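Me: Please take a close look at a single part of this structure. I would like one side chain followed outward to its surroundings, in plain terms.

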Amino acid sequence: MAYTTNKSAKQTKNIHIQGLTGEKIFNNVMQDMGYKVHINPDPYGYNDHLVFFDRQTPTITQLKTISPYHTHNCWALDADSGKQVEHALKCEKLYILSIPMVWENEYDGWLLEVDLNILKTEPNSIRPLPNSTQNSLIIPRSERYVRKIYKLNKTEEDIILKYAVSDYAKKPSTFVKRSNTKKPKK
């Protein structure tokens, strides 16, 4: 799916809902691992959460719920609009919740921690993807850059997929949509 800046209202809404769903999953995972999490109430702040990996010191974190690019073997954050990349690189820890795609890959449906120390030292980490003029922060799909934290269960995966905007995202398998059909008369 080619990136366009003219998103439909439904796409924009779904991206927002998908992000909020990712935040909820992240919050639950961190709390299940025994960490205290404070969600930033400012949706435009540079951090999404403060996670207490130890009792005294909060760690500033950012989460991106995004689809990988199959042909480029990476995830990419738009660097030309807004402060998405600036915020991601400003945090102490960056996480990706990788949307499951129709072409299987080892990071499908995983919560991943990005190694910002390595990413920040890469000379070409911010560049256009091939066939694009738009700069992006490129995060290669590689153990060198990301570490697996948590595999989504089917319910979490289906909820994320319900709001996925990529044409290449898997379709939800078990999520049941309610229909507006009338009940049959007895």
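Reply: The side chains of Arg 147 and Glu 113 are joined by a polar contact of 2.8 Å. The model is predicted, and that distance is computed from it. Arg 147 sits in strand E9, which covers residues 146–151. Leaving out residues up to four places away in sequence, Arg 147 touches Leu 111, Leu 112 and Glu 113. Tyr 107 is 40 residues from Arg 147 along the chain, and the C-alpha atoms of the two are separated by 9.6 Å.

Is Arg 147 buried or exposed? Its relative accessibility is 49%. Exposed requires over 50% and buried under 20%, so Arg 147 counts as partly exposed.

One of the residues Arg 147 touches, Leu 111, leads into the largest nonpolar core. That core has 19 residues, and Leu 111 is among the members that touch the most others, together with Phe 26, Met 30, Tyr 95 and Ile 99. Helix H1 (9–32), strand E5 (93–98) and helix H4 (154–162) each supply at least two residues of this core. The largest share, four residues, comes from H1. Apart from this core lies another, of 17 residues, and its members include Ile 66, Leu 94, Trp 110 and Val 146.

Ile 99, from the core of 19 residues, has contacts in several parts of the chain. Not counting neighbours within four places in sequence, its contacts include Gln 18, Thr 65, Ile 66, Asp 108, Gly 109, Ile 160 and Ala 169.

Definitions and conventions. Residues are numbered from 1 along each chain as its sequence is written. This is a predicted model: local features need pLDDT of at least 70, side-chain atom pairs count only at pLDDT 80 or more; totals for chains, interfaces and linings use all residues. Side-chain values use heavy atoms; hydrogens and water are left out. A nonpolar core is a set of buried Ala, Val, Leu, Ile, Met, Phe, Trp, Tyr and Cys residues joined through side-chain atoms within 4.5 Å. Buried means under 20% relative accessible area, exposed over 50%, partly exposed in between (1.4 Å probe, protein chains only). Contact means heavy atoms within 4.5 Å. A polar contact is a pair of N or O atoms within 3.5 Å; within protein, one must be able to donate a hydrogen and the other to accept it, and residues adjacent in sequence count only if both atoms are side-chain atoms.
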